[in-house]
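Subject: Structure handover

Dear colleague,

I am passing on the structure we spoke about, and I would be glad if you could look it over before reading my notes. The sequence and the coordinates come first, and what was found follows below.

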Amino acid sequence: MRARTAAARDAHGTALVLLGTGVVGSALLRLLATPAAAGLHLVGVAHSRAQHVNARGLVPLRAARLLDATPSARSDETLLATLEASGAANRIVVDATASDAVAARHADWLARGHHVVSANKAVLGGSYAAFRDLRRAGASGNAVYGDAATVGAGLPVLSTLRRLRDCGDRLVALEGVFSGTLSWLFNHYDGSRPFSHLVREARTLGYTEPDPRIDLGGTDVARKLLILARSAGHAIDTDDVVIESLVPDALRDVDVATFLIRLGEFDGALEARRARAAAAGRVLRYLARVDDGGVARVGLAEVERAHPAARLAGTDNLFALTTSRYRAQPLVISGPGAGPEVTAQALLGDLIAIRERAAHP
């Protein structure tokens, strides 16, 4: 396998650097080695401590090993200089991290004319001012911001929402299950086992973060709701979203080991809510909602067994869009909403779209 050097010879080529070589970044490297990625030339890889660059190109399946074997100091300027030295007209920074610090650079990269493709929700789902600055930077730099991987792991919810808006349709309400972790937990929570047992199992299976409070706190769901609401035209800020955390106040600031030991402390309260819902013929689901006025909330809700969220399986996500034209029955998008392979595919889809845009302006 030879390094891909076409970008250096083709002024219309597409060169990219990848930030983050964890599970999502590694999955993307595998996809970059497939025929679907023809014309996409990897020239740099980096993680939080080191990087490896070559303006003539890197072999995707060898890139992570080279990063470990011949690392250089982490430098954004070197990465960008390598993109420019590649000779490619289209230069892309791919963010497969979850770093707020990395996300804070997105606007600068866009303003400098570099496209950005991201699975990182920190800016899109952060303050409205940062979101607005990001959009302005993309316009000023004539650069594309690829965000399909930020919500639903590539399920076509953002693209559908934008297409409906472009067609003059108006979002009346959006409701759904936006977390694969919380979907799995409440899909399995039927009272046969304490909720704490399910959390420990989900952590063992790799469905939660090492600190499950990141999932149980609802902040990640709120970020996704903000991204969707803003795509629908709502200028709402982080403080506008009401978040119901599943983590008791007494366990929010303890270390992870202590939290895992004391997980059972909130089994009683959750079981009481589950039993009350079951007595009414309902089930508990962790839902995100925004209405026509931009009122947004994430938290536990009782839903009828006929509700789409009650029929989910595994880590599936659900997005139910009620619009002016889909008012009698919402437009429902559901499917796998978590996992490195589908998230990496969403990143690749955005990369391909930028490649095709350049080829057919």
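**Charges and overall form**

The protein carries 42 positive and 37 negative charges, and the mean positions of these two sets lie 5 Å apart. Please keep in mind throughout that this is a predicted model, and that the values given here are computed from it.

As for the fold, the secondary structure of the protein comprises 15 helices and 13 strands. The radius of gyration is 21 Å, close to the 21 Å that the globule rule gives for 361 residues, so the protein is as compact as a globular protein of that length. The C-alpha trace extends over about 70 × 50 × 35 Å when taken along the principal axes.

Turning to the interior and the surface, 50% of the 361 residues of the protein count as buried, while the area that the protein exposes comes to about 15700 Å², of which carbon and sulfur atoms supply 52%. Among the contacts in the protein with a sequence separation of 6 or more, 70% are made by residues 24 or more positions apart.

**The annotated position**

Which residue does UniProt list for "active site"? The record, an unreviewed entry, gives K224, and in the model K224 lies in helix α12, which runs over residues 219-231. Because its relative accessibility is 8%, and buried means under 20%, K224 counts as buried. If neighbours within four places in sequence are left aside, K224 is in contact with K121, T150, V151, F178 and S179, which may be a convenient list to have at hand when you inspect the surroundings of K224.

**A loop position**

A280, by contrast, belongs to a loop, namely the one between helix α14 (267-279) and strand β10 (282-291). Is A280 buried or exposed? With a relative accessible area of 40%, A280 is partly exposed, since that class covers values between 20% and 50%. Finally, A280 and G141 are separated by 139 residues in sequence, and their C-alpha atoms are 55 Å apart in space.

With best wishes

Definitions and conventions:
Residues numbered from 1 in each chain as written. Predicted model: local features only at pLDDT ≥ 70, side-chain atom pairs only at ≥ 80, totals over all residues. Heavy atoms only, no water. Helix = DSSP H or I, 4+ residues; strand = E, 2+ residues; numbered from the N terminus. Rg over C-alpha atoms; globule rule 2.2 N^0.38 Å. Buried < 20%, exposed > 50% of the residue type's maximum accessible area, 1.4 Å probe, protein only. Contact = heavy atoms within 4.5 Å. Areas by Shrake-Rupley, 256 points an atom, 1.4 Å probe, with all protein chains shown as cover. Lys, Arg positive; Asp, Glu negative; His and termini not counted. Charge placed at Lys NZ, Arg CZ, Asp CG, Glu CD. UniProt positions renumbered as here; feature names shortened; annotations may be inferred.
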